[in-house]
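Let's take a friendly walk through this structure, with the sequence and the coordinates side by side. Have a look at the model first, and then read on.

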Amino acid sequence: MPITSPIAFPRLSTEEFGSLDYNIMPLAFACHKEVGRLADEAIYQADFAARLVEAGYEVQREIPVTATFRDFSKTYFLDAVVAGKAVYELKVVSKLNAEHEAQLMNYLLLANATRGKLINFRPASVESRFVNAPVTLEQRKAFTVDAQHWQGGTIAVDLMVELLRDWGTCLEIPLYHQAYVHLLGGPEAVIKLLPMKRGDILLGNQRFHLLEQDAAFRITAFSELSTGYESQLKRLLALSPLKAIHWINIGHERVTFITV
């Protein structure tokens, strides 16, 4: 299996998760009230887990979920899984934001789980957000490929498509990027500092990820292709010694390969 988890998560409905969460959140409030808001994350994790066990819930902590492809492997850890079906991610930050939601969404998709919740113990009152991932792995693998504007050769396209057929779309871009760089030979072979010039004025060195000796690549996950982003790539390209930038956009239902 390209993505492995020790737990086979059931497909929870909103109502099923809500019913469970209704009984779990008072334990988070009690943890926050007694421990306060200044402890480290590990302290809240231990106390929250202990309260869940005392309340009669099965709790599994630091559950590994591993994505592998050929000789690349990366493991993520779920903070807490309650009753073998509900994922809880605990934070100690000033305020929850979209990045925290995206992180939990990535975990849910990797584990093929449907429901999870963020709990933040740092604010004066407990902050929480539901995160839902209703799309299945099979749906994430059912994407189309558009490479009509690609000039980077078929090997690079085939490599990314094969990776996505294993993992599916919708995962976080850093994971795809790390795997792609690894498969292309690793950071030492792919990442290069290249001189940037405006006319005769040397501006310094810019870090690029090279797909070929004279062509870089960029990976994005726009739901719709952005002409504004393509314009920015052209501006970057104009200042560099490169001949092209190959742009890979991993949308939910369509993966697009474009050479700028």
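## The sheet that begins with β1

T4 stands opposite T66 in β2. That pair belongs to the ladder between β1 and β2, which run antiparallel and are joined by two bridges. T66 also has a partner in β3, where T75 stands opposite it. β2 and β3 are antiparallel too, and 10 bridges join them. Two residues lie between these strands in their hairpin, and R70 takes a positive phi near 55° there. A word on the source of all this: the model is predicted.

Taken as a whole, this sheet is open and has six strands, in the order β1-β2-β3-β4-β5-β6, with mixed pairing. Which strands stand at the edges? They are β1 and β6 (127-132), and each has a single partner strand, so one side of each is left without a neighbour in the sheet. Moving inward, strand β3 (residues 72-82) pairs with strand β4 (residues 86-91) in the antiparallel sense, over three bridges. Within that pairing, A80 stands opposite Y88 in β4.

## Helices α1 and α2

Two helices pack on this sheet. α1 touches β3, β4, β5 (115-120) and β6, and its direction makes about 20° with that of β5. α2 touches β2 (59-69), β3, β4 and β5, and its direction makes about 120° with that of β2.

How do the two helices meet each other? The axes of helix α1 (residues 14-35) and helix α2 (residues 41-54) come within 9 Å and cross at roughly 130°. The two are therefore oblique to each other, and their crossing is right-handed. On the α1 side the contact is made by I24, L27, A28, A30, C31, E34 and V35, which meet I43, Y44, D47, F48, R51 and L52 in α2. By class, the contact of α1 with α2 has 10 nonpolar, no polar and three charged residues.

## The sheet from β7 to β12

A further open sheet of six strands has the order β7-β12-β11-β10-β9-β8, and its pairing is mixed. β7 (144-149) and β8 (191-198) stand at its edges; each has a single partner strand, so one side of each is left without a neighbour in the sheet. From one strand to the next, the twist averages 30°.

Two hairpins are found in this part of the chain. In the hairpin of β8 and β9, two residues lie between the strands, and G199 takes a positive phi near 65°. β8 and β9 pair in the antiparallel sense over eight bridges, and K197 stands opposite L202 in β9. β9 and β10 form a hairpin as well, with two residues between them. These strands run antiparallel, and two bridges join strand β9 (residues 201-212) to β10. Here E212 stands opposite A215 in β10.

## Helices α5, α6 and α8

Helix α6 (residues 173-183) lies across β9, β10 and β11 (244-250), running at about 150° to β10. Helix α8 (residues 227-239) packs on the sheet as well, touching β8, β9, β10 and β11, and its direction makes about 155° with that of β11.

α6 also has a helix partner. The axes of helix α5 (residues 154-167) and α6 come within 11 Å and cross at roughly 135°. α5 and α6 are therefore oblique to each other, with a right-handed crossing. From α5, the residues in contact are A156, L159, M160, L163, L164 and W167, and from α6 they are L175, Y176, A179, Y180 and L183. Which classes do the residues of the contact of α5 with α6 divide into? There are 11 nonpolar, no polar and no charged residues.

## Confidence in the model

How confident is the prediction? The protein averages a pLDDT of 96, and 100% of the residues score at least 70. Among the elements, strand β1 (residues 3-4) has the lowest mean pLDDT, at 92, while strand β10 (residues 215-220) has the highest, at 98.

Note on methods:
Residues are numbered from 1 along each chain as its sequence is written. This is a predicted model: local features need pLDDT of at least 70, side-chain atom pairs count only at pLDDT 80 or more; totals for chains, interfaces and linings use all residues. Side-chain values use heavy atoms; hydrogens and water are left out. pLDDT is the predictor's confidence in each residue, from 0 to 100. Helices (H or I, at least four residues) and strands (E, at least two) are DSSP runs, numbered from the N terminus. Axes are lines fitted to C-alpha atoms, for helices over the stretch in contact, and angles run from 0 to 180 degrees between N-to-C directions. Angles under 35 degrees count as roughly parallel, over 145 as roughly antiparallel, 65 to 115 as roughly perpendicular and the rest as oblique. A crossing is left-handed if the near helix is turned anticlockwise from the far one by less than a right angle, and right-handed if clockwise. Contact means heavy atoms within 4.5 Å. Ala, Val, Leu, Ile, Met, Phe, Trp, Tyr, Cys and Pro count as nonpolar, Asp, Glu, Lys and Arg as charged, and the others, Gly among them, as polar. Two strands pair if DSSP finds at least two bridges between them.
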